[in-house]
Amino acid sequence: MRSFLLVVILTCASVSAQNVLLVDKWLQDPIAFQPFFEDFPKNGLDLQYRRFHPTLTLSDPERFDVIMIAGGMHPDYPAPTHLVPEEAALLIRFVREGGTVVFLYADHQTDSYVFNTVLDSLDIDVRIDASRIEDPLGPKATIIPATHYLNLAQVLVSADTPLGKGIEGPIEGGRMFSFMVGQTEGIEIPAWTAPSSMRRSEDLNTEQRGREGTYAAQARSYPVVLTATAGDGHVILLPRYLINLNGYNGLATDTPITPPYFLEQNRRFERNLATYIGAIARGANQP
């Protein structure tokens, strides 16, 4: 009897498990995605990082329930690979048939264009603009003029979703980039920047140097994480540089961007993220 029960329990567990594929167009070391490796298994997410074959295959939609695409550097250097139209078509079919796609977006031009192509083809009225989001308030503004060296934006997380469980106050945002939302139905925005944030508009034709820039709008909150339904599936937008601020994150240095005691909430956010993605993939947390 005990053996029979054990078989039933193991069978039920295998059915509920979600297979997750992570493809990084930058081919970074797995340490850059350490929170995923640590937190996903605890939430029934079986993660596979296919580092040295960063291209989707025709069999991936059959093998995986969640496909995560981390945008690469193309056309900047180094640029080992980038998304192509064939991969976009595969992702569109995957979502329509019930899959969950997670776009780890940044400001990289080629992959942002393909991400937007997928969103448009799925009738999701959201566009990754990829302008940098910064904040004139904070400690740096008291040392250096804010127009020259702005603070990284802080992020507020909704307590009404699994993403905000146990988080008190804002978390550190790292390098943030904007996207524009043109719909209200079928989406959820569980995280957004502090209301003092501003969207930076680069103008290469001016004499501006360093971090000085022109800002496209008055201070306001900007969406950071978004989940949208499309067909029978979902698309999640997540900033690439919001993950692993406690360690190596692919920036110029592997030193944390702020003292570790300020990043305790970020670590909780990363744990919540695994729960959130798992719930979305299973249809338990619908926008």
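**Overview of the chain**

Among contacts in the protein chain between residues at least 6 apart in sequence, what percentage join residues at least 24 apart? The share is 74%. Please keep in mind as you look around that this is a predicted model.

The protein chain has 287 residues, and 48% of them count as buried. Its exposed surface comes to about 13800 Å², with 54% of that supplied by carbon and sulfur atoms. For finding your way, there are six helices and 14 strands to follow.

**The open sheet**

A good place to begin is the open sheet, which is built from nine strands with mixed pairing. Reading across, the order is S2-S1-S3-S4-S14-S13-S10-S7-S8. Strand S2 (45-49) and strand S8 (171-172) are the edge strands, each pairing on one side only.

Both senses of pairing can be seen in the examples here. S1 pairs with S2 in the parallel sense over five bridges, and S1 also pairs with S3 in the parallel sense, again over five bridges. By contrast, strand S10 (residues 187-193) pairs with S13 in the antiparallel sense, over four bridges. If you would like a residue to click on there, Ile187 has Ala228 in S13 as its bridge partner.

**Strand S1 and its neighbours**

Strand S1 covers residues 18-24, and six of its seven residues are buried, so S1 is largely enclosed by the rest of the structure. Two bridge partners help to place S1 between its neighbours: Leu22 is matched with Tyr49 in S2, while Val23 is matched with Ile69 in S3.

S1 and S2 also belong to a right-handed β-α-β unit, together with helix H2 (residues 34-39). In the loop between S1 and H2 you will find Leu27. The phi of Leu27 is positive, near 60°, although the residue is not glycine. Most residues other than glycine have a negative phi, so a positive value is worth a look. Leu27 counts as partly exposed because its relative accessibility is 21%, and the cut-off for buried is under 20%.

**Helices H4 and H5**

Helix H4 lies across S3, S4, S13 and S14. Relative to S4, H4 runs at about 135°.

Helix H5 spans residues 109-121, which makes 13 residues. From the first C-alpha of H5 to the last is 18 Å, close to the 18 Å expected at 1.5 Å a residue. Which residues of H5 are buried? They are Thr110, Asp111, Ser112, Val114, Phe115, Asn116, Val118 and Leu119. The cover over these buried residues includes helix H4 (85-96) along with strands S3 (66-70), S4 (100-105), S5 (126-135) and S14 (233-239). After H5 comes Asp123, with a positive phi near 60°.

**Helix H6 and the loop before it**

Is Asn244, in the loop between S14 and H6, buried or exposed? Asn244 counts as buried, because its relative accessibility is 8%, and the cut-off is under 20%. The phi of Asn244 is positive too, near 65°, in a residue other than glycine.

Helix H6 takes in residues 264-281. Its 18 residues should span 26 Å at 1.5 Å a residue, and the end C-alpha atoms are indeed 26 Å apart. Of those 18 residues, 14 are buried, so H6 is largely enclosed by the rest of the structure. H6 is followed by Gly283, whose phi is positive, near 80°.

**Arg220 and its contacts**

The last stop is Arg220, in the loop between strand S12 (214-215) and strand S13 (223-230). Arg220 is partly exposed, with a relative accessible area of 41%, and that label applies because the value falls between the 20% limit for buried and the 50% limit for exposed.

Which residues does Arg220 touch, not counting those up to four places away in sequence? The contacts are Thr193, Ala194, Pro195 and Ser197. Arg220 and Thr193 are 27 residues apart in sequence, yet their C-alpha atoms are 8.1 Å apart in space. Thr193 is also a handy landmark here, as S10 covers residues 187-193.

Technical notes. Residues numbered from 1 in each chain as written. Predicted model: local features only at pLDDT ≥ 70, side-chain atom pairs only at ≥ 80, totals over all residues. Heavy atoms only, no water. Expected span 1.5 Å × (residues − 1). Buried < 20%, exposed > 50% of the residue type's maximum accessible area, 1.4 Å probe, protein only. Contact = heavy atoms within 4.5 Å. Areas by Shrake-Rupley, 256 points an atom, 1.4 Å probe, with all protein chains shown as cover. Pairing = 2+ DSSP bridges. Axes fitted to C-alpha atoms, helices over the stretch in contact; angles between N-to-C directions. Right-handed = clockwise from strand over helix to strand, strands pointing away.
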